[in-house]
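This report describes one protein model for a reader who has not seen it before. Please look over the sequence and the structure before reading on.

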Amino acid sequence: MGIDRYAVVPVESDLAGATHLTPDDLGDRPCIEPVGQPGLAAWAAGSYPRYGVRVRSPLNIPSAVAMSGTVGVYAEPARRYLPNPDVRYIELDGPQAIIALASRPEGHRESVDAFRRAVQAASALEALAGTTGQDEDTPSVQFTAVPPR
């Protein structure tokens, strides 16, 4: 399941008033580096791998941006789940975050089953629509439903 990418910028930044950013807008500004999260670090840094501050947990990215003045990159849900009055979340061009769930085939916790049902429903809706609604230059969101065994 793909989720949009957002820049996390300090409210005092010259970028804070933007409604949309590209990697070029971030230029050579230092970026938060999520240490111990190689996939997230590579996705977040993209073409601007100049790191300023390191965080051990992605949950600390907004606070680190607010305290250090550097730029961070996070998936869209951070806007809702990690509010911080000292940062702005601004849509950022680039690859979407891929949301995945790994569980044992015999695992049938309600949260795991609910995630599987949501992905299956989204896949079915996309198949019915026959299109992602995006132009051909934009990668589509891809869903992979893995039924429980």
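Which side chains meet in a salt bridge at 3.0 Å, N to O? They are those of Glu33 and Arg54. A salt bridge here is a side-chain nitrogen of Lys or Arg within 4 Å of a carboxyl oxygen of Asp or Glu. Glu33 belongs to strand β4 (residues 31-34) and Arg54 to strand β5 (residues 51-55), so this pair ties together parts that are 21 residues apart in sequence.

The model is predicted, so local features need pLDDT of at least 70 and side-chain atom pairs count only at pLDDT 80 or more, while totals for chains, interfaces and linings use all residues. Residues are numbered from 1 along each chain as its sequence is written, and side-chain values use heavy atoms, with hydrogens and water left out.

**Overall layout**

The protein chain has five helices and eight strands. Helices (H or I, at least four residues) and strands (E, at least two) are DSSP runs, numbered from the N terminus. Read from the N terminus on, the order of elements is β-β-β-α-β-α-β-α-β-α-β-β-α. The chain has 149 residues, and 34% of them count as buried. Buried means under 20% relative accessible area, exposed means over 50%, and partly exposed lies in between (1.4 Å probe, protein chains only). The areas come from the Shrake-Rupley method.

**Salt bridges**

The structure holds five salt bridges. Side chains of opposite charge can pair when their charged atoms come close. Three of the pairs are listed here.

| Pair | Closest N to O distance |
|---|---|
| Glu33 and Arg54 | 3.0 Å |
| Arg79 and Glu76 | 3.1 Å |
| Glu110 and Arg117 | 2.8 Å |

In the first pair, Glu33 is buried, with a relative accessible area of 15%, whereas Arg54 is exposed at 62%. In the pair of Glu110 and Arg117, Glu110 is exposed at 55% relative accessible area, and Arg117 is partly exposed at 45%. Apart from this pair, salt bridges that share partners join Glu76, Arg79 and Arg80 into one network.

Within that network, Glu76 is buried, with a relative accessible area of 14%. Arg79 sits in helix α4 (residues 78-81) and is partly exposed, at 38% relative accessibility.

**Positions brought together from along the chain**

Glu76 also has a neighbour from another part of the sequence. Its C-alpha atom is separated by 6.4 Å from that of Ile3, although the two residues are 73 residues apart along the chain. Ile3 has its place in strand β1 (residues 2-3) and is buried at 16% relative accessibility.

The C-alpha atoms of Arg79 and Ile90 are separated by 9.1 Å, and these residues are eleven residues apart along the chain. For Gly17 and Arg88, which are 71 residues apart along the chain, the C-alpha separation is 8.5 Å. Gly17 is found in the loop between β2 and β3 (20-21), and it is exposed, with a relative accessible area of 71%.

**Charges without a salt bridge**

Which opposite charge is nearest to the side chain of Arg5? Arg5 lies in strand β2 (residues 5-10). Arg5 is buried yet has no salt bridge, and the nearest side chain of opposite charge, that of Asp93, is 8.0 Å away. In these counts, Lys and Arg are positive and Asp and Glu negative, while His and the chain ends are not counted. The side chain of Arg5 does reach the backbone oxygen of Asp93, at 3.3 Å.

Asp93 is also part of a surface patch of negative charge, together with Asp4, Asp24, Asp25 and Glu91. Patches are made of residues with over 30% relative accessible area and no salt bridge, with like charges joined within 9 Å and nonpolar side chains (Val, Leu, Ile, Met, Phe, Trp, Tyr) within 5 Å. The place of a charge is taken as NZ of Lys, CZ of Arg, CG of Asp or CD of Glu. One member of the patch, Asp25, lies in helix α1 (residues 23-26). Asp25 is partly exposed, with a relative accessible area of 34%.

Conventions
Accessible areas come from the Shrake-Rupley method with a 1.4 Å probe; for residues, only the protein chains shown count as cover. A polar contact is a pair of N or O atoms within 3.5 Å; within protein, one must be able to donate a hydrogen and the other to accept it, and residues adjacent in sequence count only if both atoms are side-chain atoms.
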